[in-house]
Amino acid sequence: MADLGYFGPDSVSWRVHREVTVLFGGARAVLMQAAHPLVIAGARETGFYERNPWKRLQRTLVLTYTITFGSKAQADAAAERINDVHARVRGIDAETGLPYDGLDPELLLYVHACLVESALVFERLTVGRLDARGRQRFHEEQMLAAEMVGIPRAAIPPTVPELRAYLQGVYDSGIPRVGEAARRVAALFRDPPREAEWRPVLIGVSKLAFGTLPVELRRLYGVEVGPGPRATMRAAFAATRVLRPVLPPRFRFIAPYQEWRSGTSGPVRDARRSAGVRVDGARSLRGEVRNARR
């Protein structure tokens, strides 16, 4: 039997992550993450938005989606690559004077929560197929992905409402701020690099990403969503829900899912290699997560 990875076609994770419109929610997640000073300090250390930042973001997405759609060996290799990168990230944030560590479970949990919550927000707004049980199942499936990158399961809020309450607690804590680093990330979405694929689409997606941010973070980014823009967003999301089912698969589904459907491999395999995914010799990370911690 084919190795369909840790999730497989019957999983909610496949149903959610295969949608291009849910992938666009990644822009919202990155903006949320950038508003955490210690998360963005670590990203800054890796040169995330220096040397061709859009391609670095694409490589990050390749690693993330390999955990969902790859074989178990590919998923383990992608998780190992993520952990290896995180293990080299540590320092003192110049803006807050606080230490940060790429293997800090609290920072990793915030990053994970932003991704899960944003995926659920954009699934609701652009697809709308999940009920409360489906959202909970997606959250529980993604706990495995979180464990693979070093987040103890016991640290993850067990339900979707509790995950959202956790995020609200972060917003209310006064930790989020939008300094120079976060503003530079925001600028990438407002004005994507000329070489970015689907640049005209991304400009529109960035408006939806800013507009759907939690109100506390919108204020930090200086984003005002009045009645006019709010109505425009509602219309855009409603049109997406109507048009999405009739779109050709190459526009509706992300590349890893398309390759599984067609039984072929090619660009995704090459993208995984360029992102540092090496299956040969990759150790299984399930059950021995966080061996990279030092």
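Which residues in helix 11 meet Met 233, Ala 236 and Phe 237 in helix 13? In the predicted model analysed here, the helix 11 side of this contact consists of Lys 207, Leu 208 and Gly 211. The two helices, of which helix 13 spans residues 227–243, pack at an angle of about 115°, and their axes lie 11 Å apart. Their crossing is left-handed. Classified by residue type, the contact of helix 11 with helix 13 comprises 4 nonpolar, 1 polar and 1 charged residues.

This pair belongs to a protein of 294 residues, 50% of which are buried. The secondary structure amounts to 16 helices and 2 strands. Among contacts between residues at least 6 apart in sequence, 74% join residues at least 24 apart.

Helix 11 (residues 199–211) also packs against helix 10 (residues 180–190), at an angle of about 130° and with an axis separation of 8 Å. Helix 10 is therefore oblique to helix 11. On the helix 10 side, the contact is formed by Ala 186, Phe 189 and Arg 190, while helix 11 contributes Leu 202, Ile 203, Ser 206 and Phe 210. The contact of helix 10 with helix 11 has 5 nonpolar residues, together with 1 polar and 1 charged residue. Within helix 10, the buried residues are Ala 181, Ala 182, Val 185, Ala 186, Leu 188 and Phe 189. These residues lie on the same side of helix 10, because they cover an arc of only 150° around the axis. Ala 186 and Phe 189 thus appear both among the buried residues of helix 10 and in its contact with helix 11.

Helix 3 (residues 25–34) is mostly covered, with 9 of its 10 residues buried. The buried positions are Gly 25, Ala 27, Arg 28, Ala 29, Val 30, Leu 31, Met 32, Gln 33 and Ala 34. The axes of helix 3 and helix 7 come within 8 Å and cross at roughly 145°, and the crossing is right-handed. From helix 3, the residues involved are Gly 25, Arg 28, Ala 29, Met 32 and Gln 33; they meet Tyr 110, Val 111, Cys 114, Leu 115, Glu 117, Ser 118, Val 121 and Phe 122 in helix 7. By class, this contact of helix 3 with helix 7 contains 8 nonpolar, 3 polar and 2 charged residues.

One of the helix 7 residues in this contact is Glu 117, located in the helix that spans residues 105–126. Glu 117 has a relative accessible area of 10% and is therefore buried, the cut-off being under 20%. Beyond residues up to four places away in sequence, Glu 117 touches Arg 28, Met 32, Arg 164 and Leu 167. Arg 28 and Met 32 are themselves among the buried residues of helix 3.

Leu 213, in the loop between helix 11 and helix 12 (215–221), also touches Arg 28 and Met 32. With residues up to four places away in sequence excluded, the other residues touched by Leu 213 are Leu 31, Arg 218 and Tyr 221. Leu 213 counts as buried because its relative accessibility is 2%. Although Leu 213 and Met 32 are 181 residues apart in sequence, their C-alpha atoms are 7.4 Å apart in space.

A further loop residue, Val 127, is found between helix 7 and helix 8 (132–148). Its relative accessibility is 11%, so Val 127 counts as buried. Val 127 and Val 22 are separated by 105 residues in sequence and by 8.2 Å in space, C-alpha to C-alpha. Val 127 touches Glu 19, Thr 21, Val 22, Phe 122, Arg 241 and Arg 244, with residues up to four places away in sequence left out. Of these, Phe 122 also takes part in the contact of helix 7 with helix 3.

Ser 71 occupies the loop between helix 5 (53–69) and helix 6 (72–87). Ser 71 counts as buried because its relative accessibility is 16%. Apart from residues up to four places away in sequence, Ser 71 touches Asp 3 and Gly 5.

Definitions and conventions:
Residues numbered from 1 in each chain as written. Predicted model: local features only at pLDDT ≥ 70, side-chain atom pairs only at ≥ 80, totals over all residues. Heavy atoms only, no water. Axes fitted to C-alpha atoms, helices over the stretch in contact; angles between N-to-C directions. Helix = DSSP H or I, 4+ residues; strand = E, 2+ residues; numbered from the N terminus. Parallel < 35°, antiparallel > 145°, perpendicular 65-115°, else oblique. Contact = heavy atoms within 4.5 Å. Nonpolar A, V, L, I, M, F, W, Y, C, P; charged D, E, K, R; others polar. Left-handed = near helix turned anticlockwise from the far one by under 90°. Buried < 20%, exposed > 50% of the residue type's maximum accessible area, 1.4 Å probe, protein only. Arc of directions from axis to C-beta.
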